[in-house]
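Q: I am new to this structure and would like a close, careful look at a single part of it, set in the context of the whole. Please begin with one residue and work outwards from there.

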Amino acid sequence: MDFNGMTVAITGAASGIGHATALTAARRGARIVALDRDGQALEDRRAQFEADGLALFPFALDIGDEASVRCSVDAISQVTPSVDLLVNSAGIVSRGLLENTTADEWERVLSVNLSGSFYCIQQMVPLLKAGTGRAVVNVASLASKRVSYTGGVAYTAAKAGILGLTRHAAFELAGDGIRVNAVCPGPVLTAMTKNATSEEDRQKVAAMVPLGAWLEPEDIAESILFLGSPAARMITGTSLDIDGGLSLVTGSSYEAYRRARQ
Ligand SMILES: NC(=O)c1ccc[n+]([C@@H]2O[C@H](COP(=O)([O-])OP(=O)(O)OC[C@H]3O[C@@H](n4cnc5c(N)ncnc54)[C@H](O)[C@@H]3O)[C@@H](O)[C@H]2O)c1
């Protein structure tokens, strides 16, 4: 997939899946508009990209705050007249049980993980219409369809909402030729999951994945860029599970399933 001459805007671009997507797209010729709340990490990424001869324009914002998104999109319009692909990857996890999830925590997780993608799509529509790529990819989760193991109830609810947002945006924006799809990653080794799990937990998770390992951020980046490229020109409103087969597992671990048959 060639992204030469394309402008790709990515939220959560300073880390994990967002960063891997930025690097992969940039190596294929894209200019990256990188959005993240961590301004220092963005500056570090910009320096790394520059050292490799790649283009990254950093914008620090809080995607859960509509005014912050508006301000950034105004600033983005000063450096580029169009965006070809928007990737909504920024997200947070909360860990509590339903009974002790506070209203503040619920609202924060929903505002970042669900409303943030809505604000970014809505406010970037003019830039997307001005581009030729005309694609949006939302990073949902297996939790969109099941329950989150790493996060809590607010995370599962927000990620389920992302699929509704994806379908509805795809339906409405089809008239402008803008495609909207989602990816549903299984367990991916990033700062988010490393901070929330022990080494022992991670081994147990790996044993449950039929393909036998955690996913790497690059595995998700490849699918995001496929859905965001002209190769997927007639795909819209759908979601792609990228999970090493984890969603095929019905009950106990994959290892246990095989052991019981040997
Ligand atoms: N890692 C996994 O196993 C996994 C699985 C399924 C889905 N996801 C989803 O993938 C996406 C990326 O997660 P990751 O694993 O790369 O995590 P990560 O923590 O490595 O990266 C998330 C990035 O989002 C940024 N961010 C957080 N809140 C923000 C805000 N309010 N405004 C702007 N930026 C903000 C962070 O600074 C960080 O750079 C998230 O939406 C996550 O829910 C991850």
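What relative accessibility does Thr156 have, and does Thr156 count as buried or exposed? Please go on from there to helix 5, where Thr156 is found.

A: Thr156 has a relative accessibility of 16% and therefore counts as buried, a word used here for under 20% relative accessible area, with exposed meaning over 50% and partly exposed the range in between, all for a 1.4 Å probe and protein chains only. The model is predicted, so local features need pLDDT of at least 70 and side-chain atom pairs count only at pLDDT 80 or more, while totals for chains, interfaces and linings use all residues. Residues are numbered from 1 along each chain as its sequence is written, and side-chain values use heavy atoms, with hydrogens and water left out.

Thr156 belongs to helix 5; helices (H or I, at least four residues) and strands (E, at least two) are DSSP runs numbered from the N terminus. Leaving aside neighbours within four places in sequence, Thr156 is in contact, meaning heavy atoms within 4.5 Å, with Ala143, Arg146, Val147 and Ser148. Asp62, by comparison, lies 94 residues from Thr156 along the chain, and the C-alpha atoms of the two are separated by 21 Å.

Helix 5 itself covers residues 153-173, and its 21 residues should span 30 Å at 1.5 Å a residue, which agrees with the 30 Å between its end C-alpha atoms; the expected span is 1.5 Å times one less than the number of residues. Its buried residues are Ala154, Tyr155, Thr156, Ala158, Lys159, Ile162, Leu163, Leu165, Thr166, Ala169, Ala170 and Leu173. As background, an α-helix has 3.6 residues a turn, so residues three or four places apart point the same way. The buried residues of helix 5 pack against helix 4 (103-130) and helix 6 (191-196), and also against strand 5 (135-139), strand 6 (179-185) and strand 7 (239-242).

Further along helix 5 comes Ala170, which is buried with a relative accessible area of 4%. Not counting residues up to four places away in sequence, Ala170 touches Ile178, Val180, Thr236 and Gly237. Phe57, in turn, is 113 residues from Ala170 in sequence and 27 Å away in space, C-alpha to C-alpha.

The packing can also be followed from the side of strand 5, where Asn138 is found. Asn138 is buried, with a relative accessible area of 0%, and its contacts beyond four places in sequence include Ile162 and Thr166 as well as Ser117, Ile121 and Val180. The loop between helix 4 and strand 5 holds Arg134, a residue that has a positive phi of about 50° although it is not a glycine. Most residues other than glycine have a negative phi. Arg134 is partly exposed, with a relative accessible area of 26%.

Helix 5 also takes part in the second largest pocket, whose volume is about 160 Å³. On a 1 Å grid over the protein atoms alone, a pocket is an open set of points with protein on both sides within 12 Å along at least five of seven lines, a cavity is a set where a 1.4 Å probe fits but cannot get out, and lining residues have an atom within 4 Å of a point; points are joined across faces, edges and corners, and the volume is the space filled by probe spheres set on them. The lining consists of Phe118, Ile121, Gln122, Val125, Leu165, His168, Ala169, Glu172 and Leu173. Helix 4 and helix 5 each supply at least two of these residues, and the largest share, five residues, comes from helix 5. By class, six are nonpolar, two polar and one charged, where Ala, Val, Leu, Ile, Met, Phe, Trp, Tyr, Cys and Pro count as nonpolar, Asp, Glu, Lys and Arg as charged, and the others, Gly among them, as polar.

Around this part stands a protein chain with nine helices and seven strands. Of its 262 residues, 52% count as buried, and its C-alpha trace spans about 60 × 40 × 40 Å along the principal axes. Among contacts between residues at least 6 apart in sequence, 75% join residues at least 24 apart.
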